[in-house]
Amino acid sequence: MVNLSVAEQENRIQQLREQLGNQWTHLDDEYLVQFLIARSWNVDEAKTQLENTFKWRAENGVDHHPVATTENQLPVLYSVRGFSSIPDSNLEASAGVSEAVLRINQYMGGSCLHKTDIDGCPIYIERLGYHAAKDIAKKTTIEEVQNYHIGCNEFLHRVIMKDCSLTSKKRINRETVIFDCAGMGWHQFHMPALQYIRAISDTDQKYYPETLNKLFIVNAPSAFVYVWKIFKGWLDPGTIEKIQICGSDYQTVLLKQIPAENLPDFLGGQCKCEHMAGGCVPSQGK
Ligand SMILES: [Zn+2]
């Protein structure tokens with residue numbers, strides 16, 4: 001990691017603004033900083049990554065990806081709990097949810113965007129241990145899963161991050177992630193399925209840089225050490241620094257970052273979300 005003084009950071013932001021020109025004045029400093037940090041504050045490289053991102057967004061119509069809001073009442077792509085701009089909801093078969101999204105979720109262990117951490121960042125929880133990894137690889141395509149992931153990212157950034165920024169009165173552009181490995185077995189270490197994770201992390205690192213606050217991998221079985229060695233090779237060093245891997249003694253680690261009332265009780269917190277079908281994180285596994 002490059003450590004620059006605040007004055008030098010401001011200087012680089014200014015340099016990047018000058019190089020980008022008038023067309024990009026709508027981008028705020030925080031967004032530019034995501035690209036500068038991702039490229040170790042190298043202005044030329046940050047500019048290239050930013051231009052590539054906008055080229056990719058235009059070519060793939062990403063700005064026009066529909067996202068659920070209270071006003072448009074579009075369905076959510078995964079479960080949501082605890083935000084003021086969208087009612088608590090579960091993913092359900094309804095008009096506006098594609099067959100591919102339902103099929104993908106059938107093989108996933110369960111996921112939810114669940115409340116916020118001490119920094120005001122939204123928390124995404126995924127029950128990795130209940131994934132039907134071989135079915136994901138066999139019955140869905142990488143393109144389908146990537147498209148689904150982009151839809152989730154757009155909802156997260158355009159709706160939820162805005163919500164969190166208003167609530168905490170500062171710009172929130174990062175999420176905290178918990179991957180729960182409870183139930184994980186060797187069947188999940190399936191190379192074709194791991195390639196899906198690689199494709200997704202590539203997209204995130206290229207086009208959604210520096211959007212991770214913290215990542216906790218909990219209930220990690222000892223076999224996870226082998227997979228971790230593979231994952232590490234796919235990730236930026238800055239991302240690796242934000243990841244904590246815990247076995248079954250994760251409770252105190254999570255509670256340092258997440259208030260007990262915002263952490264599901266199955267992860268050592270006090271939240272049960274009894275008002276929602278499936279509780280905090282509806283799951284196929286339990
Ligand atoms: Zn809950």
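Visitor: Leaving aside its neighbours within four places in sequence, which residues is F35 in contact with?

Guide: In this predicted model, F35 has its place in helix α2, residues 29–38. Once the neighbours within four places in sequence are set aside, the contacts of F35 are A46, Q49, L50 and P209.

Visitor: Does F35 count as buried or exposed, and how many C-beta neighbours does it have inside 10 Å?

Guide: A residue is buried if 20 or more other C-beta atoms lie within 10 Å of its own. F35 therefore counts as buried, since its C-beta neighbours inside 10 Å number 23.

Visitor: How far apart in space are F35 and E45, C-alpha to C-alpha?

Guide: In sequence, F35 and E45 are 10 residues apart. In space, the C-alpha to C-alpha distance between F35 and E45 is 8.6 Å.

Visitor: Which element gives the largest share of the side of domain 1 that touches domain 2?

Guide: The domain assignment gives domain 1 as 6–58 and domain 2 as 63–267. Contact between them involves 9 residues of domain 1 and 9 residues of domain 2. On the side of domain 1 that touches domain 2, two or more residues come from each of α2 and α3 (43–59). The largest share there, 5 residues, is that of α2.

Visitor: What distance separates the centres of domain 1 and domain 2?

Guide: The two centres are taken over C-alpha atoms. The separation between the centres of domain 1 and domain 2 is 26 Å.

Visitor: Why is the protein described as being as compact as a globular protein of its length?

Guide: The protein contains 10 helices and 6 strands. For 286 residues the globule rule gives 19 Å, and the protein is as compact as a globular protein of that length because its radius of gyration is close to that value, at 19 Å.

Visitor: In what order do the strands of the open sheet lie?

Guide: The open sheet has 6 strands, and its pairing is mixed. Its edge strands are β1 and β6 (243–245), each of which pairs on one side only. From one strand to the next, the twist averages 15°. The order is β1-β2-β3-β4-β5-β6.

Visitor: Do β1 and β2 run parallel or antiparallel, and which residue of β2 is the bridge partner of V80?

Guide: Strand β1 (residues 79–81) is joined to β2 by 3 bridges, and the two run parallel. Within β2, V80 has as its bridge partner L113.

Visitor: In the hairpin of β2 and β3, which residue takes a positive phi?

Guide: Strand β3 (residues 122–126) pairs with β2 over 4 bridges in the antiparallel sense. One position of this pairing places S111 opposite E126. The hairpin has 5 residues between its strands, and a positive phi near 85° is taken by G120.

Visitor: How many residues of β2 are buried?

Guide: Strand β2 covers residues 111–116 and is mostly covered. For the whole protein, 33% of the 286 residues count as buried. In β2, the number of buried residues is 6 of 6.

Visitor: Over how many bridges do β4 and β5 pair?

Guide: Strand β4 (residues 175–180) and strand β5 (residues 212–218) pair in the parallel sense. As one example, V177 has L215 of β5 as its bridge partner. The pairing of β4 and β5 extends over 6 bridges.

Visitor: Which element supplies the largest share of the largest nonpolar core?

Guide: In soluble globular proteins, nonpolar side chains tend to be buried together. The largest nonpolar core here has 50 residues, and those with the most contacts inside it include L77, C112 and C181. Elements that each supply at least two residues of this core include β2, β4, β5 and α6 (142–168). The largest share, 8 residues, comes from α6.

Visitor: Is W41 buried or exposed, and is K169 buried or exposed?

Guide: Most residues other than glycine have a negative phi. W41, in the loop between α2 and α3, has a positive phi near 70°, and K169, in the loop between α6 and β4, has a positive phi near 55°. W41 counts as buried because it has 22 C-beta neighbours inside 10 Å. With 8 other C-beta atoms within 10 Å, K169 is exposed.

How values were computed:
Residues are numbered from 1 along each chain as its sequence is written. This is a predicted model: local features need pLDDT of at least 70, side-chain atom pairs count only at pLDDT 80 or more; totals for chains, interfaces and linings use all residues. The radius of gyration is taken over C-alpha atoms; the globule rule is 2.2 Å times the number of residues to the power 0.38. A residue is buried if 20 or more other C-beta atoms lie within 10 Å of its own, exposed if 12 or fewer, and partly exposed in between; C-beta atoms are placed from the backbone. Two strands pair if DSSP finds at least two bridges between them. Axes are lines fitted to C-alpha atoms, for helices over the stretch in contact, and angles run from 0 to 180 degrees between N-to-C directions. Two residues are in contact if their C-beta atoms, placed from the backbone, lie within 7 Å. A nonpolar core is a set of buried Ala, Val, Leu, Ile, Met, Phe, Trp, Tyr and Cys residues joined through C-beta atoms within 7 Å. Domain bounds come from an automatic or database domain assignment.
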